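Trainee: I have a model open and would like to talk through its side-chain contacts and its pockets. Could you take me through them?

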Amino acid sequence: MRAKITYLVTAAVLVFYFVLVGSRGVMLIQSGTPVTVTFGIAVLILPLIGLWFLWKNTQFVRRANQLAAELDAEGGLPVDDMKRAPSGRIDRDAADEVFALRKAETEAAPGDWRTWFRLAVAYHDARDTPRARKAMQRAIALHDGKPLERA
């Protein structure tokens, strides 16, 4: 729940910032000189890119949470019983062991979104966020029946 609140607060702050920057872009355009109009348009493009990125990220998180709920209903969510440091961080060796298991499962059933979901969790536990995101994107695509590009 804390992660959701943090995400919502961050998104709200970003939207406020985008509105603020966008209003500055409009003010620059209203000045009417060629230089300020050019800068105003450039300033307006940045919030649009930011809003697009925020929207895509929100869609990704929403879809990943839907898959997690579906997998939980099936009883297939990975159990979080790994050894942890006193700080709460997952032990690297324990994460590597689970990762090897999840990778083998995914190689045995590459068309199953469930194995890709569990592999994404293993990548996350091993602190490899880019690969975790790619594995989750593959799980979402397989679940939705979308064609996959070569990995």
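Trainee: How many salt bridges does the structure hold?

Mentor: The structure holds seven salt bridges, where a salt bridge is a side-chain nitrogen of Lys or Arg within 4 Å of a carboxyl oxygen of Asp or Glu. Bear in mind that this is a predicted model, in which local features need pLDDT of at least 70 and side-chain atom pairs count only at pLDDT 80 or more, while totals for chains, interfaces and linings use all residues. Residues are numbered from 1 along each chain as its sequence is written, and side-chain values use heavy atoms, with hydrogens and water left out.

Trainee: Which residue forms a salt bridge with R114?

Mentor: That is E74, and the closest N and O atoms of the two are 2.7 Å apart. The pair links distant parts of the chain, with R114 in helix α4 and E74 in helix α2, 40 residues apart; helices here are DSSP runs (H or I, at least four residues), numbered from the N terminus. E74 and R114 are also linked with D112 in a network of salt bridges.

Trainee: And why does R114 count as partly exposed?

Mentor: Because its relative accessibility is 26%, and partly exposed is the range between buried, under 20% relative accessible area, and exposed, over 50% (1.4 Å probe, protein chains only). E74 counts as partly exposed too, at 42%.

Trainee: What about helix α3, which residue does E105 bridge to there?

Mentor: E105 forms a salt bridge with R102, with the closest N and O atoms 3.2 Å apart, and both lie in helix α3, three residues apart, about one turn of the helix. R102 is buried, with a relative accessible area of 13%, whereas E105 is partly exposed at 25%. Helix α3 also holds K103 and E107, four residues apart, which form a salt bridge at 3.8 Å between the closest N and O atoms. Of these two, K103 is partly exposed at 37%, while E107 is exposed at 56%.

Trainee: Switching to rings, how many aromatic pairs are there?

Mentor: The count comes to two aromatic pairs, taking rings of Phe, Tyr and Trp (its six-membered ring) as paired if their centres lie within 6.5 Å, with planes under 30 degrees apart counted as stacked, over 60 as edge-to-face and the rest as tilted. F99 and Y123 have ring centres 4.8 Å apart and planes at 55 degrees, so that pair is tilted. F99 belongs to helix α3 and Y123 to helix α4, 24 residues apart, and the pair links distant parts of the chain.

Trainee: Are F99 and Y123 buried or exposed?

Mentor: Both F99 and Y123 are buried.

Trainee: Which charged end sits over the ring of F60?

Mentor: That of R133, 4.0 Å from the ring centre, where the rule asks for NZ of Lys or CZ of Arg within 6 Å of the ring centre and within 35 degrees of the ring normal. R138 likewise lies over the face of W116, at 5.0 Å from the ring centre.

Trainee: Last topic: which residues lie nearest the centre of the largest pocket?

Mentor: They are A3, V61, A64, N65 and H124, out of 33 lining residues. A pocket here is an open set of points on a 1 Å grid over the protein atoms alone, where a 1.4 Å probe fits and protein lies on both sides within 12 Å along at least five of seven lines, and lining residues have an atom within 4 Å of a point.

Trainee: Which helix gives the most to the lining?

Mentor: Helix α2 does, with eight residues.

Key. Helices (H or I, at least four residues) and strands (E, at least two) are DSSP runs, numbered from the N terminus.
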